[in-house]
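Q: Please take a close look at one helix pair in this model. How do the two helices pack, and what surrounds them in the wider architecture?

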Amino acid sequence: MSVAIVWFRKCLRIHDNQALSWAFESNQIKSILPIYIFEEEIDQGTTNKMNENRLRFQYECVLDLQHNLHTKLGLKLHIFSGQAQPVIQSILDNFEEQRVWLISEYCSDRENIEKQSQIETKIIDQNLNWFTKTFSAGHTILDIESIVNSPTYKPPNSMNDMTRIFSDEFGDWRNIVFDVTDINPSDHQPKQCQSIESEFSTRLEELNSGPPPSSYFIGGESAALQRLKKKVILEKEFVRNFSKPSSISTNIEGNPLEPTTTGLSPYLSTGCLSVRRLWNVCSEIQQLSEHTKPPVSIHGQLMFREMFYLLSKSVVNWDQDQGNTHCKEIEWGVTEQTLLDAWESGETGFPLIDAMMRQLDATGWMHHLGRHAVSCFLTRGQLWQNWTHGRDIFSRKLIDSDWALNNGNWLWLAGVAPFSMPYYRVYNPCPNQKSSLNVETETANFIRHWVPELSEFPSKHIFEPHLAPLSVQQLAGCIIGSDYPSPIVDRKETRRQNLERFKQNLAKLR
DNA sequence: GGATCCGTTGTAGCT
DNA sequence: AAGCTACAACGGATC
């Protein structure tokens with residue numbers, strides 16, 4: 001009879017959790033010790049990996065997991081902070097004479113794969129009683145490792161490629177309902193483990209007891225399942241019609257923080273929500289009637305997520321702008337810190353860009369199309385800065401940040417990847433009446449909310465306030481250049497120059 | 001092997 | 001107001 005140490009990493013939930021289910025169902029497991037390790041160096045204040053919002057969100061997820069494990073399954077989650085290897089060593093030392101399984105979810109990124117293999121060779125292999133078991137499809141629909149290693153695998157670059165992979169894997173995959181494991185505690189003996197000593201950073205408690213978070217989202221499986229119900233299960237028409245988002249703003253039902261999309265991404269990235277559960281819910285809704293299809297449907301969005309996971313595992317230097325087969329080496333030149341800082345702090349003088357970046361800073365979330373607009377603006381559109389700078393800022397601030405997806409999306413939007421749209425399709429940072437966005441009210445109100453300096457500006461001028469006559473600026477109580485920055489660049493001129501630069505770079509690469 | 005088509009989600013000007 | 005077209009023209013897949 002053995003102890004199962006269930007190491008929660010990317011699946012902070014008890015529903016559809018293969019590792020947890022296995023530990024419950026296996027007859028050889030006598031007791032279960034769930035653990036979570038905060039691996040960021042959080043005692044020196046905010047980490048360079050996660051800003052405060054992100055760290056707090058992560059902590060909320062872990063606390064909710066602790067609550068659910070305790071109330072639903074009678075298990076106590078032990079929380080640690082520190083580097084995984086020494087922490088796991090110290091945990092296992094409590095069980096020196098016993099048979100122990102260290103169970104976790106497969107993580108596909110380089111750093112975590114190295115960590116996992118070090119733990120296996122330096123700790124597990126040193127004691128004949130200790131074993132590991134890793135479950136492969138916890139965070140993704142596909143078994144990333146097995147697909148990438150199959151002899152016929154070619155890195156996918158389009159939705160066509162993805163439908164081929166799904167067909168090979170699942171046959172008739174459209175509206176398929178995947179097997180999802182859920183634990184029914186009444187089917188099993190209680191498996192509570194002896195408690196062991198655990199310690200984690202007091203900084204996390206401080207964050208949690210501080211002022212109410214500016215983030216709209218609350219971390220955890222409970223909030224994830226509530227949101228799934230509210231935005232997907234109860235919104236069948238929305239699911240069936242899901243397409244390219246037409247509104248860049250939030251402001252649903254008068255709430256300026258409620259997304260027009262599902263808002264489930266923070267829960268998918270932390271694994272509070274199983275991606276298979278979300279897929280299944282959509283399948284069940286769509287089976288009943290007409291619905292949009294990949295690439296624009298929710299299933300399509302989830303398939304792009306799988307695509308980026310496959311690529312991130314199979315493309316060498318996925319997160320680099322050099323030596324990366326999926327990144328054209330554009331000469332971005334020397335970083336201009338003032339431009340980068342203005343972009344990050346929402347002081348570019350372009351109201352829509354600034355509203356987006358301030359929303360990101362305050363809430364840790366930004367609308368899908370907003371991410372397009374600000375990343376195009378930073379790179380090939382206006383500022384001509386290396387996409388990796390934007391990637392780093394997103395990764396520190398976005399509560400739904402995910403290594404595979406964040407890099408993939410930046411490669412896409414910077415126009416450097418094989419799957420990118422043509423480089424000359426540049427988003428206009430100042431949408432006008434011709435834009436698909438509702439500039440009259442919704443988008444203008446979105447700017448008024450996040451850039452209060454401009455709250456009295458008429459919609460006609462709010463996207464390019466520096467072009468407004470001085471009388472309009474005075475009436476709005478906001479003089480451009482003193483109360484709100486003038487544009488840091490000439491958007492039309494930089495666009496023209498950058499198109500030319502990009503073209504020359506491509507010619508050189510050919 | 002050259003032509004043609006296609007790719008999740010562009011913009012601006014004209015009718 | 002919606003739809004067409006030019007813009008300038010990538011790169012991989014397909015025929």
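A: Start with the domains. This is a predicted model, and the domain assignment of chain A gives domain 1 (2-139), domain 2 (140-178 + 222-314) and domain 3 (337-509). The centres of domain 1 and domain 2 are 26 Å apart, taken over C-alpha atoms. In their contact, 17 residues of domain 1 meet 18 residues of domain 2. On the domain 1 side, the touching residues are 6 nonpolar, 6 polar and 5 charged.

Now the helix pair. Helix α14 spans residues 351-363, and helix α18 spans residues 442-450. Their axes lie 9 Å apart, at an angle of about 55 degrees. That angle falls outside the 65 to 115 range that counts as roughly perpendicular, and it is not under 35 degrees either. The two helices are therefore oblique to each other. The crossing of α14 and α18 is left-handed.

Which residues make the contact? From α14 come P351, L352, A355, R358 and Q359. From α18 come F446, I447 and W450. By class, this contact has 6 nonpolar residues, 1 polar and 1 charged.

Next, the DNA. The residues around DNA strand C are K328, P418, P422, Y424, K503, L506 and R510. By class, the surface near this strand has 4 nonpolar and 3 charged residues, with no polar ones.

Technical notes
Residues numbered from 1 in each chain as written. Chains lettered and ligands numbered in written order. Predicted model: local features only at pLDDT ≥ 70, side-chain atom pairs only at ≥ 80, totals over all residues. Domains from an automatic or database assignment. Contact = placed C-beta atoms within 7 Å. Nonpolar A, V, L, I, M, F, W, Y, C, P; charged D, E, K, R; others polar. Near = placed C-beta within 6 Å. Axes fitted to C-alpha atoms, helices over the stretch in contact; angles between N-to-C directions. Helix = DSSP H or I, 4+ residues; strand = E, 2+ residues; numbered from the N terminus. Parallel < 35°, antiparallel > 145°, perpendicular 65-115°, else oblique. Left-handed = near helix turned anticlockwise from the far one by under 90°.
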